[in-house]
Amino acid sequence: MADNQEPAITENFLSAALKTRLNATHVQVTDMSGGCGASFTSLIVSPDFVGKNSLKRHRLVNAALKEEIARIHAWSAKCQTPEEYEKVQAATGGNDGPPMDGTNAQGKVEGVSE
C-alpha cells in the first residue's frame, strides 16, 4: 500500500520551502504552537520583494506556501527586501525577528497550561 502521508510542517520544512520558492536570502520561522505545527510566525528576506508593497509581498508568500498554509491554523509573515533587512539589522543591533506577541524567549506560547 502506498504511503500518501504528507510531510510534517516544521520550522525547518517551511524555512527550506521559502528559501527555494522565494529565493530568500534569510528566513526565520518560529513554531508558536509548542511544537505541534499549528501556528507559525516568520521573517522572510527576499530580493523578489523589491518594488512590491506589503500586500503583494504577502500574496507571494501565501502563493508559495499555499498547500502548507491550508494545513496549519495560523501564519504570520514579516517580509523584507535585503536592503530593508540590512537597515533594520543595523538599527536594532540584530534584535529584530518575526513577531512574537504572546510568546516567551523560547518561542513558546505563554498563558496556557501544558
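In which sense do E1 and E2 pair, and over how many bridges? The two strands pair in the antiparallel sense, and six bridges join them. That pairing is a good place to start a walk through this structure, which is a predicted model. Before going further, a word on confidence: the protein chain averages a pLDDT of 85, and 79% of the residues score at least 70. Among the elements of the chain, helix H2 has the highest mean pLDDT, at 97, while helix H4 (residues 82-92) has the lowest, at 91.

Let us build up the sheet. Three strands make an open sheet in the order E1-E2-E3, with mixed pairing. E1 and E3 stand at the edges with a single partner strand each, so one side of each has no neighbour in the sheet. From one strand to the next, the twist averages 10°. As we saw, E1 and E2 are antiparallel; E2 and E3, on the other hand, run parallel and are joined by seven bridges. Strands of a sheet pair through backbone hydrogen bonds, in either a parallel or an antiparallel manner.

You can follow individual partners across the sheet. Thr30 has Thr41 of E2 as its bridge partner, and Thr41 also stands opposite Ser76 in E3. Elsewhere along E2, Val45 is the bridge partner of His26.

E2 itself deserves a closer look. Seven of its seven residues are buried, so the strand is largely enclosed by the rest of the structure. In a regular strand, side chains alternate between the two faces of the sheet. Here Ser39, Thr41, Leu43 and Val45 point one way from E2, whereas Phe40, Ser42 and Ile44 point the other way, and all are buried.

What covers the sheet? Helix H1 lies across E1, E2 and E3, running at about 155° to E1. Helix H4 also packs on the sheet and touches E1, E2 and E3, and its direction makes about 90° with that of E3. For a residue-level view of H1, try Ser15, which is found in that helix. Ser15 counts as buried, at 12% relative accessibility. Leaving aside neighbours within four places in sequence, Ser15 is in contact with Val27 and Val29.

Now for the interior. The largest nonpolar core has 18 residues, and those with the most contacts inside it are Leu18, Ile44, Val61 and Trp75. Helix H1 (11-21), strand E1 (26-31), strand E2 (39-45), helix H2 (54-64) and strand E3 (74-80) each give two or more residues to this core. Nonpolar side chains tend to be buried together in soluble globular proteins. Ile44 is a useful residue to select on screen. Not counting residues up to four places away in sequence, Ile44 touches Leu18, Leu22, Ala24, His26, Phe49, Val61, Trp75, Ala77, Lys78, Cys79 and Gln80.

Finally, turn to the charged side chains, where the structure holds three salt bridges. One of them joins Arg21 to Glu68, with the closest N and O atoms 3.1 Å apart. Arg21 lies in helix H1 and Glu68 in helix H3 (residues 66-70), so this pair ties together parts that are 47 residues apart in sequence. The two partners sit in contrasting surroundings: Arg21 is partly exposed, with a relative accessible area of 40%, while Glu68 is buried, at 7%.

Another salt bridge links Arg57 and Glu84, whose closest N and O atoms are 2.7 Å apart. Because Arg57 belongs to helix H2 and Glu84 to helix H4, the pair ties together parts that are 27 residues apart in sequence. Here Arg57 counts as buried, at 8% relative accessibility, and Glu84 is partly exposed, with a relative accessible area of 32%.

The side chains of Glu83 and Lys87 also meet in a salt bridge, at 3.6 Å from N to O. Both residues lie in helix H4, four residues apart, which is about one turn of the helix. Glu83 and Lys87 are both exposed.

How values were computed. Residues are numbered from 1 along each chain as its sequence is written. This is a predicted model: local features need pLDDT of at least 70, side-chain atom pairs count only at pLDDT 80 or more; totals for chains, interfaces and linings use all residues. Side-chain values use heavy atoms; hydrogens and water are left out. A nonpolar core is a set of buried Ala, Val, Leu, Ile, Met, Phe, Trp, Tyr and Cys residues joined through side-chain atoms within 4.5 Å. Buried means under 20% relative accessible area, exposed over 50%, partly exposed in between (1.4 Å probe, protein chains only). Contact means heavy atoms within 4.5 Å. pLDDT is the predictor's confidence in each residue, from 0 to 100. A salt bridge is a side-chain nitrogen of Lys or Arg within 4 Å of a carboxyl oxygen of Asp or Glu. Two strands pair if DSSP finds at least two bridges between them. Axes are lines fitted to C-alpha atoms, for helices over the stretch in contact, and angles run from 0 to 180 degrees between N-to-C directions.
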